[in-house]
Amino acid sequence: MSSTPIKKVTGKGVFVPGDDIDTDRIIPARFMKCITFDGLGEYLFHDVRKTESGEDKQHNLNDPRFAQASILVSGNNFGCGSSREHAPQSILRAGYNAVIAGSFAEIFFGNSTNLGVVCVIASDADREIIASAIEAHPELEITIDLENHKIFYGGQSVPCEIKQGARDSLLSGNYDPLDELLEGADEVSKTAGALPYMQA
Amino acid sequence: MGKSLFEKVWDAHAVRQLVNGQTQLLIGTHLIHEVTSPQAFGMLRDRDLKVQYPHRTFATVDHIVPTNESVEPYSDPLAQGMIEELRKNCANNNVTFFDTNTGRQGVVHIVGPEQGITQPGTTIACGDSHTATHGAFGAIAFGIGTSQVRDVLATQTIALNKLKVRRINVDGTLPPGVYAKDVILHIIRLLGTQGGTGYAYEYAGTTFDKFTMEERMTVCNMSIEGGARVGYVNPDETTFEYLRGRPYSPKGAAWGAAVEQWKSFASDTNCTFDDVVNIDASHIQPTVTWGITPGQGIGIEESIPAISDAPTQSERDSVAEALEYMQLEGGSPIKGKKIDVAFIGSCTNGRLSDFQEVAKYVKGHKVAEGVQAIIVPGSQVVAKIAEDLGLDKIFIEAGFEWRAAGCSMCLAMNPDKLVGDQLCASSSNRNFKGRQGSPTGRTMLMSPIMVAAAAVTGQVSDARDVFGFASAGV
């Protein structure tokens with residue numbers, strides 16, 4: 001499905017500290033007993049945000065100062081673990097459309113890109129600067145500029161990286177590959193025809 | 001220049017290059033389950049698309065099935081709704097479904113191999129990150145998200161970037177009491193939880209040559225815990241012997257032709273790899289995780305790392321976070337930590353050989369007072385053979401609960417969950433915060449034998465001491 005090209009993402013940020021933020025933390029498995037993705041936004045980072053009795057913990061994600069945030073800033077290996085698309089779906093449905101991290105787990109990165117959730121990499125030092133800036137000024141507007149590989153905030157900028165293919169797909173609005181895959185049907189049947197195990 | 005198995009299988013399944021430079025890759029075998037497929041079927045309906053190659057998708061139900069009730073409707077209406085949705089989607093789209101009444105249901109990564117669906121030289125995708133398990137057969141197998149499940153259903157392909165290949169050679173003989181599970185925990189400890197990002201892992205060396213298929217599956221299964229989406233072992237006689245006569249294996253004249261073709265997919269001896277790692281099997285110890293990532297593992301004789309041992313601030317933060325969550329003290333021995341629950345099962349260690357090995361040693365022992373110990377077969381086929389061999393009676397006599405097939409306490413989407421901050425000795429694959437169903441529950445990953453040793457002593461123990469390995473002459 002051709003979608004609107006994504007060249008920039010602008011919004012306020014929230015810092016979720018820690019490396020290896022896994023998909024169970026992003027969306028605990030017990031909230032995946034569903035047959036659609038509707039409503040998953042409510043459970044984003046549930047156990048990070050809530051005590052066992054359901055009260056809010058002290059966390060940036062519960063802090064009213066960051067309630068308007070639409071960009072997550074986190075650590076290394078973000079999204080490790082399960083292949084559950086429920087993770088980027090819950091991020092998207094909770095109102096976030098980009099993640100700035102030190103690195104991303106591969107399956108999470110692919111799932112996010114397919115949904116148009118922009119995942120860019122920035123260095124430890126640069127993320128620390130952005131996190132401090134957000135902490136000091138929660139209303140600060142952050143812009144991820146994919147064309148120029150830069151993150152702008154408060155009149156300053158730091159570099160960011162993203163895989164070339166993902167960047168191209170986002171810039172051209174072709175991040176959902178289904179239409180292009182469907183167009184290859186004849187070639188798919190040729191490739192399948194050459195493989196004995198594919199025969200009915 | 002020779003080619004690796006990864007390159008050969010990739011080339012045989014590459015359909016064409018897409019505009020963004022990714023490859024449109026044919027997925028020969030598609031496995032689905034109840035958690036990550038219903039939304040994909042919904043997306044197909046929304047766009048009025050049909051399943052393009054229904055004979056190449058196989059379904060089973062594993063994540064949400066209860067292991068202690070077999071009569072429907074299940075007491076959890078959400079679980080019941082999910083199994084019914086999968087039944088409906090399979091029936092409407094002519095997809096084979098190994099349902100609970102077939103005798104062939106189980107954890108998807110155990111069902112594929114035991115039915116002979118998993119074959120060398122194939123591509124296999126499933127909406128589950130432990131799909132690399134099937135790589136044990138020399139398949140390129142990996143986990144995908146639900147939008148990609150949709151893509152496979154609609155086109156039998158996905159858009160993917162080619163991976164680099166890291167060869168991991170493990171050579172020599174494992175010491176007594178050291179298992180395939182320890183090998184992969186050791187590899188992840190060594191290379192880290194993101195060391196495999198962008199790579200397929202080719203596991204090789206004399207240790208793997210001697211491994212059974214079930215041991216190879218245990219290692220490949222946890223590739224993703226080291227960041228590698230794909231992990232595989234080159235196919236050999238062990239692979240072919242395992243597949244001979246299985247329900248979906250080629251039959252008659254087709255068998256010989258298939259074996260010849262499968263052999264041709266093995267990595268050429270003169271191929272080069274993007275990276276090579278060599279490991280001496282004799283250095284691997286029974287390994288236990290102390291933290292909240294699968295890379296936070298140590299040998300049973302070692303002490304839990306102290307915060308000050310970590311070289312960088314971010315690593316010190318990670319150790320501190322893990323110690324606090326696990327309620328452990330840095331520098332103290334891991335041995336002797338009291339456990340509350342013991343779990344043997346999962347797509348990592350829920351196969352017949354896991355249960356045979358445990359049964360051999362727990363006979364004559366009793367689960368310690370205050371410990372709940374459950375054993376969950378990975379499939380109905382595994383359960384049936386285990387019961388025919390009388391293993392269930394040995395486990396029950398020793399104080400374990402013998403359950404029905406499913407994912408169970410590996411991710412606790414069914415009623416099997418930790419309560420509060422219980423500590424679980426687990427043969428599964430993830431020790432993330434809250435993984436086993438309680439937001440404060442704690443998990444220590446280890447081999448099934450080490451779980452059994454913890455179950456009978458009530459604490460993290462060296463199975464070699466508990467079960468007298470040296471004298472048993474293993």
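In this predicted model, helix α2 (residues 38-46) of chain B and helix α5 (residues 146-155) of chain B make a good place to start: their axes come within 8 Å and cross at roughly 55°. Angles under 35 degrees count as roughly parallel and 65 to 115 as roughly perpendicular, so α2(B) is oblique to α5(B). The crossing in which α2(B) passes α5(B) is right-handed. If you would like to pick out the residues, select B:Q39, B:A40, B:M43 and B:L44 on α2(B), which meet B:T146, B:V149, B:R150, B:L153 and B:A154 on α5(B). Sorted by class, this contact has 6 nonpolar, 2 polar and 1 charged residues.

Let us stay in chain B and turn to a sheet. It is open, has 5 strands in the order β5-β4-β3-β6-β7, and its pairing is parallel. At the edges sit β5 (96-98) and β7 (140-143) of chain B, each of which pairs on one side only. Neighbouring strands are turned against each other by 20° on average, with direction ignored. For a detailed view, take strand β6 (residues 123-126) of chain B: 4 bridges join β6(B) to β7(B), and the two run parallel. One residue pair to look up here is B:I124, whose bridge partner in β7(B) is B:A141. As background, strands of a sheet pair through backbone hydrogen bonds, either parallel or antiparallel.

Further along chain B there is another helix pair. Helix α13 (residues 352-362) of chain B packs with helix α16 (residues 448-457) of chain B at an angle of about 35°, and their axes are 9 Å apart. Here too the crossing is right-handed, with α13(B) passing α16(B). On the α13(B) side, the contact is made by B:D354, B:E357, B:V358, B:Y361 and B:V362; on the α16(B) side, by B:P448, B:I449, B:A452 and B:V456. The class count for this contact is 7 nonpolar, no polar and 2 charged residues.

Helix α13 of chain B also appears in the surroundings of helix α14. In α14 (residues 380-388) of chain B, the residues B:Q380, B:V381, B:V382, B:A383 and B:A386 are buried. Among the elements that cover these buried residues are α4 (108-115), α13 and α15 (391-398) of chain B. Just after α14(B) comes a backbone detail you may want to check on a Ramachandran plot: B:G390 takes a positive phi of about 80°.

Now for chain A, which has 8 helices and 7 strands. Its C-alpha trace spans about 60 × 45 × 25 Å along the principal axes. Of the 200 residues in chain A, 48% are buried. If you count contacts in chain A between residues at least 6 apart in sequence, 70% join residues at least 24 apart.

Finally, look at where the two chains meet. The contact takes 54 residues from chain A and 66 residues from chain B. On the side of chain A that touches chain B, at least two residues each come from α1 (23-26), α4 (106-115), α6 (164-172), α7 (178-183) and α8 (185-193) of chain A. The largest share of that side, 6 residues, is supplied by α4(A). By class, the side of chain A that touches chain B has 21 nonpolar, 17 polar and 16 charged residues.

Terms used. Residues numbered from 1 in each chain as written. Chains lettered and ligands numbered in written order. Predicted model: local features only at pLDDT ≥ 70, side-chain atom pairs only at ≥ 80, totals over all residues. Contact = placed C-beta atoms within 7 Å. Nonpolar A, V, L, I, M, F, W, Y, C, P; charged D, E, K, R; others polar. Axes fitted to C-alpha atoms, helices over the stretch in contact; angles between N-to-C directions. Left-handed = near helix turned anticlockwise from the far one by under 90°. Buried ≥ 20, exposed ≤ 12 C-beta atoms within 10 Å, placed from the backbone. Pairing = 2+ DSSP bridges. Parallel < 35°, antiparallel > 145°, perpendicular 65-115°, else oblique.
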